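Dear colleague,

Please find below the structure that I am handing over to you. A summary of what was found in it follows.

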Amino acid sequence: MLKSADLLLIQSRPDKFSTAIVDSTRDNADSSAYDHVALVEVTAANEIFVLHTLPTTGSIREIYAEFQKRHYAKIDLYRAKQPVDQNLVIKQAKKLLNQPYDASYVPTADGYYCADFIYYAFKGQQLFKLEPMNFMDQERQAILPFWRDYYARLGCAVPNGELGLNPNTMLRQNVLTKLVTLH
């Protein structure tokens, strides 16, 4: 069922961080509520790996069984609607491994955040488009207090409106098909 270059869109167990991501990136209460995205690699020996980046690890490649131990609330399997060069996507993703996590979510910063990692893995495949990032409360149209505090601790401005990507935006671009809920 899993193929190389498939994506895992993930809902973490709710905490302040994942809630802030969802609150500022989904369109409405009924839309998707993903806060993380990861890439699947299936080797010639049918070993399954997950390539992704986390604040605690930076960009990593881990065995699927280890990934499952992270106890996410929900994992949905998606595949690109258009044909992609799976080998090239995996090759490009492997070049991004062992980099720090980009906690600022600014594409020009060192390292990668989850959707940024996926964007660069698929670069050249004409799949995802960068869009203005949003850190605002969808109802009040103000920067969420979580993000104001978060960026104050980082010592930089909230990059609201700068080009970037997140799992919910990736889904809204209508380039992925949901195959199944894995967990």
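Which residues lie nearest the centre of the largest pocket? They are F17, I21, D35, Y101 and Y105, and the lining of this pocket comprises 28 residues. Two elements, α1 and β3 (48-54), each give two or more residues to that lining. Helix α1 provides the largest share, namely five residues. Sorted by class, the lining holds 14 nonpolar, 10 polar and four charged residues. The space within the largest pocket is about 550 Å³. Please bear in mind throughout that the model is predicted.

Helix α1

Helix α1 spans residues 16-25, and its buried residues are S18, A20, I21, V22, S24 and T25. One of these, I21, is also among the residues that lie nearest the centre of the largest pocket. The elements that cover the buried residues of α1 include α5 (145-154) and α6 (167-172).

The surroundings of L77

L77 is located in strand β5, which runs over residues 74-80. How far apart in space are L77 and V180, C-alpha to C-alpha? The distance is 5.4 Å, although 103 residues separate L77 and V180 in sequence. Once the neighbours within four places in sequence are set aside, the contacts of L77 fall in two stretches of numbering: M1, L2, D6, L7 and L8 on the one hand, and T177, K178, L179, V180 and L182 on the other. L77 has a relative accessible area of 0% and is therefore buried.

Aromatic residues

The model contains 18 aromatic pairs. In one of them, F122 and F128 meet edge-to-face, with 5.6 Å from centre to centre and 85° between the planes. Both partners are buried: the relative accessible area is 2% for F122 and 8% for F128. Another edge-to-face pair joins Y150 and Y151, at 5.1 Å centre to centre and with 75° between the planes. Y150 counts as buried because its relative accessibility is 11%, and Y151 counts as buried at 0%.

Which residues do ring pairs link into a cluster together with Y150 and Y151? The other members are Y101, Y105, Y113, F135, F146 and W147. Two residues of this cluster, Y101 and Y105, have already been named above among those nearest the centre of the largest pocket.

Cysteines

How many disulfides does the model contain? The count comes to zero. A disulfide is a covalent bond between the sulfur atoms of two cysteines. The closest cysteine sulfur to that of C114 belongs to C156 and is 17 Å away, which is too far for a bond, since a disulfide is counted here only within 2.5 Å. C156 is likewise in no disulfide, the sulfur of C114 being the nearest to its own. Are these two cysteines buried or exposed, or do they fall in between? C114 counts as buried because its relative accessibility is 7%, whereas C156, at 33%, counts as partly exposed.

In going through the model, you may wish to begin with α1, which gives the largest share of the lining of the largest pocket, and then turn to the ring cluster that includes Y101 and Y105.

With kind regards

Key. Residues are numbered from 1 along each chain as its sequence is written. This is a predicted model: local features need pLDDT of at least 70, side-chain atom pairs count only at pLDDT 80 or more; totals for chains, interfaces and linings use all residues. Side-chain values use heavy atoms; hydrogens and water are left out. Buried means under 20% relative accessible area, exposed over 50%, partly exposed in between (1.4 Å probe, protein chains only). Helices (H or I, at least four residues) and strands (E, at least two) are DSSP runs, numbered from the N terminus. Contact means heavy atoms within 4.5 Å. On a 1 Å grid over the protein atoms alone, a cavity is a set of points where a 1.4 Å probe fits but cannot get out, and a pocket is an open set with protein on both sides within 12 Å along at least five of seven lines; lining residues have an atom within 4 Å of a point. Grid points are joined across faces, edges and corners, and a volume is the space filled by probe spheres set on the points. Ala, Val, Leu, Ile, Met, Phe, Trp, Tyr, Cys and Pro count as nonpolar, Asp, Glu, Lys and Arg as charged, and the others, Gly among them, as polar. Rings of Phe, Tyr and Trp (its six-membered ring) pair if their centres lie within 6.5 Å; planes under 30 degrees apart count as stacked, over 60 as edge-to-face and the rest as tilted.
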